[in-house]
Amino acid sequence: MKISFPHMGYSYIALKWLVNHLGHECIVPPEPSKKTLDLGVRYSPEFACIPFKILTGTYLEVAEKGAEIILTSGGMGPCRAGYYWVMHQYLLDEIGKKVKVIAFEPPLCNLRDFWQKLHRLRVSGGLSVKAFIQVLKITWEKIKAIDDIEMKSYHIRPYEEKRGETTRALWKALEFVDEANREDEVDEARQEGLNVLQGVRRDESRDPLKMGIIGEIYVVLEPSANHYLQIMLGEMGVYSDRSIYLSSYTRKNTIVNLEGDIFQVARPYLNEAPIGGHGVNSIGETILYARHGFDGVVQLAPFACIPEIVAKSIIPAVSRDFDIPVLTLFIDEQTGKAGVQTRLEAFVDLMEKRRELKRQRERWAI
Amino acid sequence: MKKAYLGVDVGSVSTNLVVIDENKQVVAAEYLRTSGQPIATVQKGLYSIGQEVATHFEIAGVGTTGSARYLSSIIIGADIVKNEITAHAIAASSMVGEVNTIIEIGGQDSKIIILRDGVVTDFAMNTVCAAGTGSFLDQQASRLSIPIEDFGNLALKAKNPVRIAGRCAVFAESDMIHKQQLGYNNEDIIAGLCEALVRNYMNNVGKGKEILAPVLFQGGVAANQGLVEAFNKYLEIEVIVPPWYDVMGAIGAALLARRAVEKKKKSSFKGFNIQEINFKTRSFECQGCSNACEVVQFFENDDLIARWGDRCGKWELQAV
Amino acid sequence: MQVSKIGIPRTLAYFIYFPLWKTFFEELGHEVVLSAATSKAILDRGVKEAVNDACIPIKLYHGHAAALAGKADYIFCPRLVSVRSHGDFGTETFCPKFLGLPDMLRLAMDDLPEIIDVRVDLKKGKDELWQVFLEIGSKLGNSGEEIKRAFTKAKKVQREYQRLLYQEKLPPEALELIEQKIPVPKKDKSGGSYDLQVAVVGYPYVLYDAYINAGLLAILEKEKVKVYTQDMISDREMNRQAKTLPKSMFWYFSNRAVYGALHFMQRPEIEGVIHLTAFACGPDSMVDRLLEIESRRRGNRPYLSIAVDEHTGEAGVRTRLEAFVDMLRYRRNRK
């Protein structure tokens, strides 16, 4: 069968490997482009959020390339994303595309359904249970390696001597992961990739500002949806750390996973959790970034995103109490790169001035 | 010859050029419509402001700002490129040192900047729509067939400003037509439009911001006395319209240039007479990898002077 | 016990649960202060206070809450999480904005009375509702005995209200009947003077708020149209409709609108379905497209979607409704 899936950052590298090694043919989703968005806007409800529209566009593009099945995630609400696959199936049917959307609902909600869908994938590809588990395991290792590499690139880029070197090193490193086929190979590729990034010529005398990136998962994870915000920041000399990675919940080494229950952190401000998506997380993460000495936070969210609007209404109080500036960027199909850049530049100026004053005060205090 | 600094603000609607002297005083200013041709407009503006100042002043530094700040910096040879929010803040605090709030309304965007002790502490720009921007009034003016320049005075004559509902221009227009059909006079309608713009601005851009006096009101539409009145009424603070309200971004850029050349020593300014130069852009699709970036090349006559659009930095020109 | 003035915003769940709340508070000996019906002033205030990106209903709620400042000791803004276990995972809730509403309200305005934001999450079991009311009553200083009595009475009045709705009364009229304590009449068989039956589905706080929907129900009445809404349908029928979809949505009021519409689509005497949606409502972007597609698939029932926002004019709504009604009558005459 010809199988595709949503494009989300660099995860396609791992998912492509997964589909191919399950014995199916992978239709790799193209990186979302202007054309993807145009298609999506044309066929999606007007007030659907931008991730929905990008996915509509992506699904139409992969359908054009012959995809018969689209694998995606479900959800138990109350964020709209959990209902996407149903709406996408309706839309694809209406347009007349013969594509089936198969959604994996959270296994905690319906374990049986989850296993059944996996089982069908396995049997149709002709894999033994043992081989199947091995394939899933390697895929997961790949996702983790990709995340490690991407994370590292955001930490290296603000120091790069020549623009683009980190980006090229990142691509090289991702290629290593792409080519790996065994567990030990993935581990090796990961190490090699990190080394390549470590090898980028850097000016260590720089003192980059530190910025936390929070918000809705899709626009945070998919660089083309946020106008390559983290790369833009890196090239402006800003160190950025983002709150979400696909492999996030197994991590212990990121700021956001250091302090246990994020809902507990947010509780003084929002006495209810979850409220869908990453709404509560956004509030808690702003607090965590402030506590860890970050200079500022950018909240990225689709225009009209329900949970992030709730967060946005509460964040000013957090920002005041913890003395950390927060810039909210709501993204829709009309958002241009220039607008994002202007706001970021001004925000970076603001953070710089604040840091200067803060350090001055500290010096006086001594 | 005395030293002076040039600031250039190239936005989507207007292009402003300003020359300031060592005492931060404006000695010349140009205000042009960009009309979708930033390069030609900058060339033209540069030439005419050069006519005015070139005999008395030597340009010691140049700064650019506005949405076409990068492109114009290449054309002119700028010493510093800065976003318009920072530029506006710099200009405002040089005029009114203790300024706490800046309301800036341009043709297609509007912003609010909050300063404390001369430092920007918060800012916001309009989000997706044109509510609370100058184009809102422009559209209604053409609908009423009244020149936008007359709006301010007419608004001041209003006795009972009409309430015009509507966040965006389209809705406001239908409500305005409705009010016309009910027989309201133009003065009251225009004053109502000014109040609607202020309301939209405050609900969109100014929401949740701590607005403290002194408040500077700048940008092209600050000429409109009706709007000034509407702000005074809404904020219950007398807003200040600075003398060079319509070129504040350019002044900020010039001030930044002054600071930049202190470190840099020599300006990169190419001179006023660049209108003969043929600037052009050509692009190609890079075949280096599957990303297929569209690389834009920028030529000065036949010399390649800049390249952008590549993600990997491979086509970056070495700094001269 | 001190007599307290309980402020209730006349919006959101008011249209569904007011008899329950009012009876409860009054039986406890407190005074209920209701905000005035939505007006330009209330809407403007809401637009001013609420976060800019919020939908109209949330802005309206801010306006109604603000209108109660200085007039009440408390604002009753229960945190509505869920009222039943429903949906594919039993996790149906209210919209995320409802979940965060008390916090949003507190941070938006400083001068509000204390907010009673008791958490209402009934999916855990039948006893939960009692716990909710026990918490409210205790907070107000009433004894367990008093609370029990008031709760029983309140539930009884709410059942009467529910029965009126099932008898195809619209909530504004039903609320009035309950208020005047008129004994519930037997089902009205006279039929009235309508010649067209249309279903209107949407959120109660949009559907029954005559200001925000520009008098939609009155316009239909004048057009001699009998109106049905989802609130006239039994839960059992709703659940039956739920099974006809690939997956339930996550939001209580959205599900009710969807199931209601699907139910009316299979009743031949109901000639058209109108979906009233709130501008910038997240869930409605899904609801609306789903209903549009299903109305075509389920017997090609004429379907009209009307969006309302802060500047909906009566003229716009009237034009659309008249055209829709004309079309329905024309269709029938052609058959």
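Okay, chain A first, and its domains. In this predicted model, chain A splits into three: domain 1 covers 2–127, domain 2 covers 139–206, and domain 3 covers 208–366. Let's look at where domain 2 meets domain 3. Their C-alpha centres sit 23 Å apart, and the contact involves 12 residues of domain 2 and 12 residues of domain 3.

Which elements of chain A supply the domain 2 side of that contact with two or more residues each? Those are α6, residues 129–156, and α7, residues 165–179. Of these, α6(A) provides the largest share, six residues. As for chemistry, this side of domain 2 has four nonpolar residues, three polar and five charged.

Staying in chain A, there's a helix pair to look at. Helix α3, residues 50–64, packs on helix α4, residues 84–95, at an angle of about 50°, and their axes are 11 Å apart. Because of that angle, α3(A) counts as oblique to α4(A). The crossing is right-handed. If you want to click on side chains, α3(A) brings F52(A), L55(A), T56(A), Y59(A) and A63(A), while α4(A) brings Y84(A), H88(A), L91(A) and L92(A). So how does that contact divide by residue type? You get seven nonpolar, two polar and no charged residues.

Now over to chain C, where we have another helix pair. Here α1, residues 14–27, packs against α7, residues 144–166, at about 150°, with the axes 8 Å apart. Why do we call α1(C) roughly antiparallel to α7(C)? Because the cut-off for that label is an angle over 145 degrees, and the pair packs at about 150°. The crossing of α1(C) over α7(C) is right-handed.

On the α1(C) side, the contact residues are P19(C), L20(C), T23(C), F24(C) and E27(C). The α7(C) side has a longish list, including R149(C), F151(C), K153(C), V157(C) and Y161(C). The residues of this contact come out as eight nonpolar, two polar and four charged.

Still in chain C, let's turn to the sheet. It's an open sheet of four strands, in the order β8-β7-β9-β10, and the pairing is parallel. At the edges you'll find β8, residues 225–228, and β10, residues 303–308, each pairing on one side only. Neighbouring strands are turned by 25° against each other on average, ignoring direction.

Zoom in on the pairing of β7(C), residues 196–202, with β9(C), residues 272–278: these two run parallel and are joined by five bridges. If you'd like a landmark there, V200(C) has I274(C) in β9(C) as its bridge partner.

What about the helices on this sheet? Helix α12(C), residues 252–265, lies across β7, β8 and β9 of chain C, running at about 160° to β7(C). Then there's α13(C), residues 282–297, which packs on the sheet and touches β9 and β10 of chain C. The direction of α13(C) makes about 170° with that of β9(C).

Keep α13(C) in view for the contact between chains C and A. That contact takes 30 residues from chain C and 32 from chain A. On the chain C side, α4 (96–99), α5 (101–108) and α13 each supply at least two residues. Which of the chain C elements gives the most? That's α13(C), with eight residues. So the helix that touches β9 and β10 of chain C is also the top contributor to the side facing chain A. By type, the chain C side has 18 nonpolar residues, five polar and seven charged.

Last stop, some strands in chain B. Strand β10, residues 279–285, pairs with β11, residues 294–300, in the antiparallel sense over seven bridges. Across that pairing, E285(B) stands opposite E294(B).

Then β11(B) pairs with β12(B), residues 303–308, again in the antiparallel sense, over five bridges. Here E300(B) has D303(B) as its bridge partner. The hairpin of β11(B) and β12(B) has two residues between the strands, and N301(B) in that hairpin takes a positive phi near 50°. If you have the model open, that's a good spot to finish the tour.

Notes
Residues numbered from 1 in each chain as written. Chains lettered and ligands numbered in written order. Predicted model: local features only at pLDDT ≥ 70, side-chain atom pairs only at ≥ 80, totals over all residues. Pairing = 2+ DSSP bridges. Axes fitted to C-alpha atoms, helices over the stretch in contact; angles between N-to-C directions. Contact = placed C-beta atoms within 7 Å. Left-handed = near helix turned anticlockwise from the far one by under 90°. Nonpolar A, V, L, I, M, F, W, Y, C, P; charged D, E, K, R; others polar. Domains from an automatic or database assignment. Parallel < 35°, antiparallel > 145°, perpendicular 65-115°, else oblique.
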